[in-house]
Each structure stands twice: as C-alpha cells, then as structure tokens.
Amino acid sequence: MEAEQNVPLDQQPVAEAAPDEAAPGEAEAPPEVLPVEEPEPEAVEPQAAEEPVPEAVEPPAVPPPAPAYDESSPRKWFIIHTYSGFEHKVQESLRTRSEAFGFADKIGQILIPTDEVVEMRGGKKVTSKRLVYPGYVLVEMEMNDELWHAVKNTPRVTGFVGGGNAPVPLSADEVNQILYRQATAAERPRPKTTFEKNDSVRITEGPFANFSGKVDEVNPERGTLRVMVTIFGRATPVELEFLQVEKV
C-alpha cells in the first residue's frame, strides 16, 4: 500500500473518461441534425368545372312545305267562272261528270281558294272561312277541245277566264302563290274586317278601351293599325291589332 502511494503523480495512469461524459468545463456539442427529406407534393391536376348539361329543348314545329306547281306536268291550271254562291256545287258537279264522261284522268285538283278569317263576337275570337275569289274555281286539267266543252257545259259554269276557245292557263308563279296561301291559311288567320286610312274607329280592348280615333296607317301584312287618339288634349298615335278596334 505504501509503495503505491509513493509513485510520482506524473507517472500514475490517467483514467479515461467515459465516452458519454463530457470533460469538465466543455460545453456539450449539440447533436448532429440530419436533414430530413420531405416528400415532394403530388401534382394534383385541376379539376375541370362541370359544365351544366343543357336541358333538352324541343325544336319548334316546322310547317310542312307548301305544294309546288310542277311545270313539267301536262296538266295546267285554269280559272272557270261560276254563279256566285255555287262554287262548291260546281266543284261537285265537275267530279261527278268527269267520272260519268270518262275524263277523270284529265282532271287533277279542283280548288276553291279560301282564307281563315277571325273576328270578335261577344268578346270572343271566332274563326271562319271566307272565299278568296267569290264566283271562281281553279281547275287543274290537261286541256283539249273535248274537255273544254265538257267543263264549259257544266251546270252553273259561265265559262273560262280568258275567253275564246283557248283559255290561257295561270303562270307557275301565280299558281305557287295561291297554293302557298292555301297551305298557310290556317296558321295565319286574317282579320275579317278591313280598314282604310281616315276610318273612324273605337278601341274595344287594351289600356285605351272605349277611346275613339282615326286610322292613320294600315299594315295588312301584320294585321295592325296606327290610330290617332286624343289623350289629355293631344293627338297621340297608338298601334293596335285589327281585332282591338271596330268601325264607328
């Protein structure tokens, strides 16, 4: 024991410090921080905005095309004059005689042009038919001398328009205008009453009902009038439909 104590200090072994313990007077080194790799954000595709689905809309009803005159046909259109008020009787007689006398294959359509007209009765719109050409009937036929005599001698027929033994047929434009008017008559009824400038009228409906005035302008295609009405002592133009006024 004494021998160990007599060993000089500089020759004594130095005890090694434990690896986890810091030497006195030295600050502990901060732990090494390793960089953490953050995951890259996934690319998110922008969602397209949902487009509203349009509601199904039914297309407007399209009227059937009007029949057109076939210029290549051997049949042509002629006008025959009849007693007024017997147009339908003549139409019936022509059909009956064509069967009886054997010329039914020479006759096509037998047309009595009419218009759909509308008028006010008791505050209600009433539609009726009106002859466009009173006293006349249009006949599609393959003209020859025999047929000319047969048609001309039909009861209540006074003759062909055009006179002579060779009546002149209607032109293609004239026929097409008549056929188109017939095809669209029901879709666009015409006012029964017609008006002229300076006619005195009374307004029957609308904000100016019971006012009186004079017709300043007539638009038959649209079925409207411009009436000059006195309001607060001043003449004021008012646009009205034919059915909104009556003659006085």
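Of the 248 residues in the protein chain, 27% are buried, and this share, like every value that follows, refers to a predicted model. The chain holds four helices and 12 strands. Among its contacts with a separation of 6 or more, 58% join residues that lie 24 or more positions apart. The chain exposes about 18,800 Å², of which carbon and sulfur atoms supply 52%.

The interior can be taken next. In soluble globular proteins, nonpolar side chains tend to be buried together. Here the largest nonpolar core has 17 residues, and those that touch the most other members are Ile80, Leu94, Ile107, Val139, Met141, Val151 and Phe160. Two or more residues of this core come from each of strand S1 (76-82), helix H2 (87-100), strand S2 (107-111), S5, helix H3 (145-152) and strand S6 (157-160), with H3 giving the largest share, four residues. A second core, separate from this one, consists of 12 residues, including Val201, Leu225, Val238 and Phe242.

Valine 139 shows how one member of the larger core is surrounded. When residues up to four places away in sequence are left out, valine 139 touches Lys76, Trp77, Phe78, Ile80, Leu94, Ile107, Gln109 and Ile110.

Strand S5 covers residues 136-141, and tyrosine 136 is found in this strand. With a relative accessible area of 31%, tyrosine 136 is partly exposed, because that value falls between the 20% limit for buried residues and the 50% limit for exposed ones. Together with Tyr133 and Val161, Tyr136 makes a nonpolar surface patch of about 240 Å².

Elsewhere in the chain, three strands form an open sheet in the order S4-S3-S7, with mixed pairing. Strand S4 (124-131) and strand S7 (190-191) stand at the edges, and each has a single partner strand, so one side of each is left without a neighbour in the sheet. Strand S3, which spans residues 114-121, pairs with S7 in the parallel sense over two bridges, and valine 118 has proline 191 in S7 as its bridge partner.

Strand S3 also contains threonine 114. This threonine 114 counts as buried because its relative accessibility of 16% is under the 20% limit. Leaving aside residues up to four places away in sequence, threonine 114 touches Lys129, Arg130, Leu131, Val132, Gln182 and Ala185.

Conventions
Residues numbered from 1 in each chain as written. Predicted model: local features only at pLDDT ≥ 70, side-chain atom pairs only at ≥ 80, totals over all residues. Heavy atoms only, no water. Patch = residues over 30% accessible without salt bridge, like charges linked within 9 Å, V, L, I, M, F, W, Y side chains within 5 Å. Areas by Shrake-Rupley, 256 points an atom, 1.4 Å probe, with all protein chains shown as cover. Salt bridge = Lys/Arg side-chain N within 4 Å of Asp/Glu carboxyl O. Buried < 20%, exposed > 50% of the residue type's maximum accessible area, 1.4 Å probe, protein only. Pairing = 2+ DSSP bridges. Core = buried A, V, L, I, M, F, W, Y, C linked by side-chain atoms within 4.5 Å. Contact = heavy atoms within 4.5 Å.
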